[in-house]
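Please open the model in your viewer and keep the sequence panel visible beside it. The tour below proceeds by selection, from the whole chain to individual side chains.

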Amino acid sequence: MSDLSDLYQQVILDHNRRPRNRGKLPTANRVAHGDNPTCGDQCNVYLRVDGDKIAEISFDGSGCAISQASASLMTTQLKGRTAPEAQKLYDEFHHIVTTGEAPEEISDLAAFAGVHAFPARIKCATLGWHAALNALKGDAAPATTESHND
Ligand code: ZN
C-alpha cells in the first residue's frame, strides 16, 4: 500500500477546502453531467463558449475529495482554452494519473500523480475532465466513466 499522504497532496487539499469556480454558471451555453458510480461521484460542468474559446467555466457536484478537487483544478486550467488545447491538457493529466509521471512544466496537475497507485481513484480524478470535454463537444449526454477503461 502506497503512502496515502502522497495521494492527498497540498494542492488537492486546498482545492477541496476552497473549490474554485464552484456553482452553476448563469451564462453557460454548454452543460454536461459526469457520473462515477463506482465511487458515487457526480459532477456538472458549465461552460460559456465564446468563439473557439472557453470564456467561462464552473462546476458543481458531490463526491470524494479527489473528484471535487480535480474538477476545481480543471476549471482553473481550462479557462481561456480552445477545444484542442483542452484535449491536450486532458491527455497530459490522464498520463499523470495513470503513470505517476509528471512533466515538470505542469505544476498543479502533477499533484494528482499519486492517484496512479490507486487505480479505482483514476475515474474520480478524470470525471470532471470527461464532463468538460463532452460539454465542449456540445454533447449533452451524461458522461459516464463506465464506458472508459480509465
Ligand atoms: Zn471518487
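Begin with the whole protein chain in cartoon representation: along the sequence, its elements follow the pattern α-α-β-β-β-α-α-α-β. That pattern comprises 5 helices and 4 strands. Please bear in mind throughout that this is a predicted model.

Next, switch to a surface representation. The protein chain exposes about 7200 Å², and carbon and sulfur atoms supply 49% of that area. Of the 150 residues in the protein chain, 44% are buried. Among the contacts with a separation of 6 or more, 59% join residues that lie 24 or more positions apart.

**The zinc site**

Now select the zinc ion and display the side chains around it. Which protein atoms are the donors of the zinc ion? They are the SG atoms of Cys-39, Cys-64 and Cys-124, together with two OD entries from Asp-41, and they lie 2.1 to 2.8 Å from the ion. Along the chain, these donors follow the spacing C-x1-D-x22-C-x59-C.

Keep Cys-64 and Cys-124 selected and colour the chain by secondary structure. Cys-64 is located in the loop between β3 (53-62) and α3 (65-78), whereas Cys-124 belongs to helix α5; the pair therefore ties together parts that are 60 residues apart in sequence.

The three cysteines may then be examined one at a time for accessibility. Cys-124 has a relative accessible area of 0% and is buried. Cys-64 is likewise buried, at 14%. Is Cys-39 buried or partly exposed? With a relative accessibility of 34%, Cys-39 counts as partly exposed, because the buried class ends at 20% and the exposed class begins over 50%.

While the cysteines are displayed, one may also look for disulfides; a search of the whole structure finds 0.

**The aromatic cluster**

Hide the zinc site and select Tyr-90, Phe-93, Phe-112 and Trp-129, which form one aromatic cluster. The structure as a whole holds 3 aromatic pairs.

Start with Tyr-90 and Trp-129. Their ring centres are 6.1 Å apart and their planes stand at 40 degrees, so this pair is tilted. The pair links distant parts of the chain, with Tyr-90 in helix α4 (residues 83-99) and Trp-129 in helix α5 (residues 119-136), 39 residues apart. Tyr-90 is buried, with a relative accessible area of 6%, and Trp-129 is buried as well, with a value of 1%.

Keep Trp-129 in view and add Phe-93. Why does the pair of Phe-93 and Trp-129 count as stacked? The ring centres of Phe-93 and Trp-129 are 5.1 Å apart and the planes meet at 20 degrees, so the pair is stacked, because the stacked class covers planes under 30 degrees apart. Phe-93 lies in helix α4 and Trp-129 in helix α5, so this contact ties together parts that are 36 residues apart in sequence. Both Phe-93 and Trp-129 are buried.

**The loop between α4 and α5**

For the last stop, select Gly-114, which lies in the loop between α4 and α5. Gly-114 has a relative accessibility of 16% and so counts as buried. Add Gly-100 and draw a C-alpha to C-alpha distance: the two glycines are 14 residues apart in sequence and 6.1 Å apart in space.

To finish, show helix α5 together with the zinc ion. Helix α5 contains Cys-124, whose SG is one of the donors of the zinc ion. Trp-129, a member of the aromatic cluster, is also found in helix α5.

Note on methods:
Residues are numbered from 1 along each chain as its sequence is written. This is a predicted model: local features need pLDDT of at least 70, side-chain atom pairs count only at pLDDT 80 or more; totals for chains, interfaces and linings use all residues. Side-chain values use heavy atoms; hydrogens and water are left out. Rings of Phe, Tyr and Trp (its six-membered ring) pair if their centres lie within 6.5 Å; planes under 30 degrees apart count as stacked, over 60 as edge-to-face and the rest as tilted. Helices (H or I, at least four residues) and strands (E, at least two) are DSSP runs, numbered from the N terminus. Buried means under 20% relative accessible area, exposed over 50%, partly exposed in between (1.4 Å probe, protein chains only). A disulfide is a pair of cysteine sulfur atoms within 2.5 Å. Donors are N, O and S atoms within 2.8 Å of the metal (3.2 Å for Na, K and Ca); water is not among the atoms, so sites may look incomplete. Contact means heavy atoms within 4.5 Å. Accessible areas come from the Shrake-Rupley method with a 1.4 Å probe; for residues, only the protein chains shown count as cover.
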